[in-house]
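Here are a few exercises to work through with the model open beside you. Try each task on your own before you read its solution.

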Amino acid sequence: MIELEGVPELIDPVMVAAFEGWNDAGDAASTAVAHLDREWKGEVFAALDAEDYYDFQVNRPTVFMEAGVRKITWPTTRLSVVRVGGEKPRDLVLVRGIEPSMRWRSFCNELLGFAHELGVELVVVLGALLGDTPHTRPVPISGTTSDPDLARRMDLEETKYEGPTGIVGVLQEACTHAGVPAVSLWAAVPHYVSQPPNPKATLALLNRLEDLIDVRIPLGELPEDARAWQVGVDQLAAEDSEVAEYVQSLEEARDTAELPEASGEAIAREFERYLRRRDGGGPTAPGGHATDGGDGPPYLRDNPGGRTRPPKPSKPGTDDEDPSED
């Protein structure tokens with residue numbers, strides 16, 4: 001039974017989800033949801049039972065010390081609610097977790113149960129895949145849906161993908177069968193620099209999400225982190241002539257492919273985003289969060305950690321590439 005005590009009636013709620021693992025190259029998608037949660041001070045109001053969905057030999061719990069007491073963090077999926085302030089406030093239900101090890105249909109049904117109880121109007125699932133894209137160019141973001149009407153209204157692609165899928169694809173299809181509008185946003189991460197973090201891909205996902213759901217997202221230090229990441233990868237790639245030559249070939253292929261699109265609508269979209277941010281004097285400050293309470297029980301806590309410097313790019317032709325999907 002789903003109980004949502006302490007969560008008030010929400011305003012035009014949108015569920016935004018991301019899952020660590022197969023669908024999260026460079027941790028770009030999960031980091032995007034973590035950024036939203038951090039910037040808008042989200043508080044966890046629910047967590048799925050870890051024993052129902054996770055193999056602890058694959059995703060092991062971790063032990064930490066708090067005030068001299070040993071505690072355990074269990075791998076799971078958590079939900080929080082944040083309220084985005086401004087002239088037209090709305091609420092975001094943030095879902096952040098690890099791709100489950102088992103019982104995927106039950107996992108999706110439980111998330112859809114929360115969506116139904118909260119009156120969610122749209123589900124947006126973020127993902128990131130490895131691709132033949134140069135780190136020196138804008139990150140390609142594709143938006144897909146299984147709903148032809150939604151594809152037309154929101155300028156999205158109707159998904160035609162066939163092949164292995166992850167929890168992102170399964171959740172999107174579960175939404176479709178349940179009659180819940182659902183969209184997937186995918187960032188393409190260079191396969192030769194696939195190790196996390198990838199702030200440039202995270203930033204690109206947030207920019208596309210901002211356009212999709214019409215909210216102003218505070219970006220904090222992400223733009224500067226993205227620039228520093230690119231400079232760092234530039235320097236590392238320059239140290240290896242084979243990598244530098246390979247990046248140049250990707251740049252030439254990308255530029256040639258995009259020449260017909262380098263006008264009109266694409267430029268207009270970028271200019272409109274610039275004007276919105278300039279006229280607003282920066283992102284709108286949050287109008288508070290939609291939940292009350294403290295930090296929650298220890299098993300809901302996230303683990304600290306994460307790298308701040310980009311890793312050295314792997315050589316072209318290595319076997320570090322994951323399968324990708326739309």
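**Exercise 1. Backbone outliers**

Task: In this predicted model, find which loop holds D155, and check the sign of phi there.

Solution. Start with the position: D155 sits in the loop between helix 4 and strand 9 (157–158). Next, read the backbone angle: D155 has a positive phi of about 55°, although it is not a glycine. Keep the general background in mind: most residues other than glycine have a negative phi, and most peptide bonds are trans.

Now turn to A67, which is not a glycine either and has a positive phi of about 55°. A67 belongs to the loop between strand 3 (62–66) and strand 4. With 81% relative accessibility, A67 counts as exposed, because the cut-off for that class is over 50%.

Finish with the peptide bonds: P196 and P197 are joined by a cis bond, with omega at about 0°. P197 lies in the loop between strand 10 and helix 6.

**Exercise 2. Salt bridges and their surroundings**

Task: Work out how many salt bridges the model has, then decide whether D91 is buried or exposed.

Solution. The count comes to seven salt bridges. Take D91 and R83 to begin with: their side chains meet in a salt bridge at 2.7 Å, N to O. D91 is buried, as its relative accessible area is 0%. Its partner R83 counts as partly exposed, at 22% relative accessibility.

Move on to R90 and E121, whose salt bridge has an N to O distance of 4.0 Å. This pair links distant parts of the chain, 31 residues apart: R90 is in strand 6 (residues 90–98), and E121 is in the loop between helix 3 (104–118) and strand 7 (122–131). R90 is buried at 16% relative accessible area, whereas E121 counts as partly exposed at 42%.

Then look at helix 4 (residues 148–153), where D149 and R152 are three residues apart and so are separated by about one helical turn. In their salt bridge, the closest N and O atoms are 2.2 Å apart. D149 counts as partly exposed at 44% relative accessibility, and R152 as exposed at 61%. Lastly, R137, E251 and D255 are joined into one network by salt bridges that share partners.

**Exercise 3. The cavity**

Task: Find which element gives the most residues to the lining of the largest cavity.

Solution. Begin with the search: over the whole structure, one cavity of 30 Å³ or more turns up. The volume of the largest cavity is about 60 Å³. Its lining consists of 13 residues, with P134, H135, V139, A188 and P190 nearest the centre. Two or more lining residues come from each of strand 10 (182–190) and helix 6 (199–213). Strand 10 gives the most, with three residues. Sorted by class, the lining holds eight nonpolar, three polar and two charged residues.

**Exercise 4. A nonpolar surface patch**

Task: Identify which residues form a nonpolar patch on the surface, and give their accessible area together.

Solution. The members are V63, I72 and W74, and together they have about 240 Å² of accessible area. To place one of them, find I72 in strand 4 (residues 69–73). I72 counts as partly exposed, at 36% relative accessibility. That value passes the patch cut-off, because members need over 30% relative accessible area.

Conventions: Residues numbered from 1 in each chain as written. Predicted model: local features only at pLDDT ≥ 70, side-chain atom pairs only at ≥ 80, totals over all residues. Heavy atoms only, no water. 1 Å grid on protein atoms, 1.4 Å probe; cavity = no way out; pocket = protein on both sides within 12 Å on 5 of 7 lines; lining within 4 Å. Points joined across faces, edges and corners; volume = space filled by probe spheres on them. Helix = DSSP H or I, 4+ residues; strand = E, 2+ residues; numbered from the N terminus. Nonpolar A, V, L, I, M, F, W, Y, C, P; charged D, E, K, R; others polar. Buried < 20%, exposed > 50% of the residue type's maximum accessible area, 1.4 Å probe, protein only. Patch = residues over 30% accessible without salt bridge, like charges linked within 9 Å, V, L, I, M, F, W, Y side chains within 5 Å. Areas by Shrake-Rupley, 256 points an atom, 1.4 Å probe, with all protein chains shown as cover.
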